[in-house]
Amino acid sequence: MLSLKWIEKKINMKFKSSLLTIKKLAIATSFILILAYFQALFSVAHDKNLTKFNGPAAELASFIPPTKNTKMNEPKAQSNNTKLLVHALTLNPNTIPEILSMELFKMEPVCQCHSNPESSAISRSRISNPTKLIFVHVFKTAGSTLRAFFRDYSTKCHKGWATIISCSGAEMESFRNNSDWGILSKGGHSCVLKDGVTRNGKDLFGRKKKKRKKKILERHRVNNSFLETHVDMFGGHLPLGCGDLLANPNQPEEKANVRYMTFVRDAVTKYISGRMFVNKGHSKSWYIENLTKDINRDFERKEYHFRYENYLITPAQRESYRRNHITLSLEDKTELIIHNLIEYNVIIGVVERMSDSMELLKHYIDPINKMESLFVKYGMKDPVTGEIVRPREKNTSPVSTSAVLAEIKNDKKLYEKLVEIVKYEQRITDFAVGLHSRQYNMIEKMGAT
């Protein structure tokens, strides 16, 4: 007869064995669930994120911004960056896994400074597909300062530079077949080449320094051929994606490598600065009185201030929406612009963080420290003294934006209305600042290694 103690011992052993098995199963299950989570995050989240769009914006999946395709005149495929990371990024750019940051942000330099035209030409000849840097100047985001900087940099470093204006609304068709860039439809106009520097460091129009401010009577036009052949960097009031059809000058059947940069700014400050800019020459009281009227009117009509769309939605996307009769809500446009900032790996500068922004730009175009003093001149912290020189601003007004904003903030209800009507722009700004922070942190870590 089996003893009671023997039976009890066997039961305890089996129970302990079962507990151990359960623990092992729990650990294995947890591991599988973690893997499944990351697979869902990096493989499926993109599609899930798109499905939240309502109405006609559900078609966005067909028009997500394209990645680079090396063959000319072929549609571009959606990149893995957007597929893998868009869901996490739209929540918070700081959720990007560290291991993926280098690939996502493409931290390698775009170009470097050359002391003479000959070395610049030799460098271009050694690179099969040199990268062009395109500065998208969003209205009232330190654009005049950046244009002046790029002109100075190009003059000293023997890069071809072009300033292009009146081009934010350029149509996709104008970028094809070497047409003049611009709006081709009835009542449209061509983009204007306002200023530039040749690779020899000379003014593009042969003007002397004192005569550069004189208005150019002839409207110089812009096309792909000119930019492909003579220009290494260009910028101005342009749309993101304007360089997508540029050809590689060394192999015309391939697309050129391009990299975009833009600056963002606090939406409330940007709104006030913009209104003051288009109504120059008035007193502080006049600005406050008229801004109060504008803010109350826009709030009552639910007219949201949203100007990023003029620059950060691509011509190809606009064309697709028009042809397919798709109308996007402000929510949709906000999400689309966030997608574009990710997909195009846009280098982000922030007006309120000018020193960090110039240091970030320096990483991309002056990796061997030839032009450090120039970056300091335009707002980067001096690495020796620690001082920050505020660059001299153009388009300045006797009345400061900050003074007007301070008065508007004193009226709590008015300020709340202003915050409401710029909320979509602020959402884009907040996201872009997050991207900027991650990009800047990456160059800091690279410099420390």
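This briefing walks through a sheet, a helix, the nonpolar cores and one side-chain contact. Please keep in mind that the model is predicted. Its open sheet is built from six strands with mixed pairing, and its largest nonpolar core holds 48 residues. Helix 5 (residues 143-157) is largely enclosed by the rest of the structure, because eleven of its 15 residues are buried.

**The sheet**

- Reading across the open sheet, the six strands come in the order 3-2-4-1-7-8.
- Strand 3 (192-197) and strand 8 (347-350) stand at the edges; each has a single partner strand, so one side of each is left without a neighbour in the sheet.
- On average, neighbouring strands here are turned by 20° against each other, direction ignored.
- Strand 2 (residues 161-165) runs antiparallel to strand 3, and the two pair over five bridges. Within that pairing, Ile-164 has Leu-193 in strand 3 as its bridge partner.
- Helix 12 (residues 354-365) packs on the sheet, where it touches strand 1 (131-136), strand 4 (233-236), strand 7 (257-264) and strand 8. The direction of helix 12 makes about 155° with that of strand 8.

**Helix 5**

- At 1.5 Å a residue, the 15 residues of helix 5 should span 21 Å, and its end C-alpha atoms are 20 Å apart, which agrees.
- Which residues of helix 5 are buried? They are Gly-143, Thr-145, Leu-146, Arg-147, Ala-148, Phe-149, Phe-150, Arg-151, Tyr-153, Ser-154 and Cys-157.
- Just after helix 5 comes His-158, with a positive phi of about 60°.

**The nonpolar cores**

- In the largest core, the residues that touch the most other members are Ile-164, Trp-181, Leu-227, Phe-234 and Leu-341.
- Elements giving two or more residues to this core include strand 1, strand 2, helix 6 (224-230), helix 11 (330-343) and helix 16. Helix 16 supplies the largest share, six residues.
- Another core, of 33 residues, lies apart from the largest one; among its members are Cys-113, Leu-146, Met-261 and Met-354. Leu-146 is also one of the buried residues of helix 5.

**Gln-426 and its partners**

- Gln-426 sits in helix 16 (residues 423-448).
- Which residues does Gln-426 contact, leaving aside its neighbours within four places in sequence? Its partners are Asp-266, Ala-267 and Val-268.
- With Ala-267 there is a polar pair: a polar atom of the Gln-426 side chain lies 2.8 Å from the backbone nitrogen of Ala-267.

Methods:
Residues numbered from 1 in each chain as written. Predicted model: local features only at pLDDT ≥ 70, side-chain atom pairs only at ≥ 80, totals over all residues. Heavy atoms only, no water. Helix = DSSP H or I, 4+ residues; strand = E, 2+ residues; numbered from the N terminus. Polar contact = N/O pair within 3.5 Å; in protein donor to acceptor, adjacent residues only side chain to side chain. Contact = heavy atoms within 4.5 Å. Pairing = 2+ DSSP bridges. Axes fitted to C-alpha atoms, helices over the stretch in contact; angles between N-to-C directions. Expected span 1.5 Å × (residues − 1). Buried < 20%, exposed > 50% of the residue type's maximum accessible area, 1.4 Å probe, protein only. Core = buried A, V, L, I, M, F, W, Y, C linked by side-chain atoms within 4.5 Å.
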